[in-house]
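Please work through the exercises below with the sequence and the model side by side, trying each task before reading its solution.

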Amino acid sequence: MAIEPEKNIKGISGDPPPGTLTLARGLDILRVIGHGATNLNEVASSVKISKSAAQRMVKLLVQRGFLRSNHGTDFALGPALIELGFHALYQSPVPVIAKPILEELARKYQDTVHLAVEDESQVLYVDKVPGTRGAQMRSRVGQRMPLSRTGIGKALLLDSFDRWELTFDSESPVQQLSHQTKESFLHRMASYAEEGIALDLEENEPGIRCVAAPIRDGSGKIIAAISMSATNPYMPDERMNALKTVMASTAGQISRKLGYSGKSY
């Protein structure tokens, strides 16, 4: 498995606060293994520490269940992180409140429904309810995606007018493989912001289209977004237009449960 370049691994940047260097290196080890490092040489090189130091830290992380290892190699994230991940997910009220609403939405319309938040300037999927039409989406809970290429990412950006161009520019050329240009992106974002709805017109995954809407908290701030995705044959323009109202209404229902009492959906 290819290891993501260090500069692109979120969290490995800047100097740690005084007295926390060892902790910072341990956290960096978890991140680089999560991004594909599988042996001590790769870990030491990515984190920029000696192989012996990497070995000591990895041994402790394995003992505590944060890593798994077969005979001192083939490192992978461990069960303790899975447990903590679920605790982190459900300490936020959004997934708990949204879950039954999203399950009903997916059941009624038969298509895949996602819930996501923005984290470290990326889309972070926190829930997924698969559709029943048989098409498999490559998305998964815990996966990250670019904001400017996904419908759900655009929904998260609807209020952030000053970030649109910077967000598009900051994503690498590799991530902009679609027909989407900066000009078309900015034009669409202005239209989406006016409607309060965002679309993915196969910019993220060929053959997959989606309709997305933002979720707001009691202050009116966008804190999450939902989307409904399906393959092209099930998402013609007419159906996407019809789903705008459905998704806005569903996002509004979740927002009201979070204390939002502003603009009616």
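**Exercise 1.** Locate Arg-216, decide whether Arg-216 is buried or exposed, and find which side chain Arg-216 joins in a polar contact.

*Solution.* Arg-216 is found in strand β7, strands being DSSP runs of E with at least two residues and helices runs of H or I with at least four, numbered from the N terminus. This is a predicted model, in which local features need pLDDT of at least 70 and side-chain atom pairs count only at pLDDT 80 or more, while totals for chains, interfaces and linings use all residues. Residues are numbered from 1 along each chain as its sequence is written, and side-chain values use heavy atoms, leaving out hydrogens and water. Because its relative accessibility is 14%, Arg-216 counts as buried (under 20% relative accessible area, with exposed over 50% and partly exposed in between, for a 1.4 Å probe and protein chains only). The side chain of Arg-216 is joined to that of Asp-159 by a polar contact of 2.6 Å (a pair of N or O atoms within 3.5 Å; within protein, one must be able to donate a hydrogen and the other to accept it, and residues adjacent in sequence count only if both atoms are side-chain atoms).

**Exercise 2.** Compare the span of helix α9 with its expected span, and then find where α9 bends and what its buried residues pack against.

*Solution.* Helix α9 has 21 residues (237–257), so at 1.5 Å a residue it should span 30 Å, and the 31 Å between its end C-alpha atoms agrees (the expected span is 1.5 Å times one less than the number of residues). A bend of about 30° occurs at Leu-243, the bend being the angle between axes fitted to the seven residues ending there and the seven starting there. Leu-243 is also one of the buried residues of α9, and these buried residues pack against α5 (93–109), α8 (182–195), β6 (198–201), β7 (208–216) and β8 (222–231) (contact means heavy atoms within 4.5 Å). Just after α9, Gly-259 takes a positive phi of about 100°.
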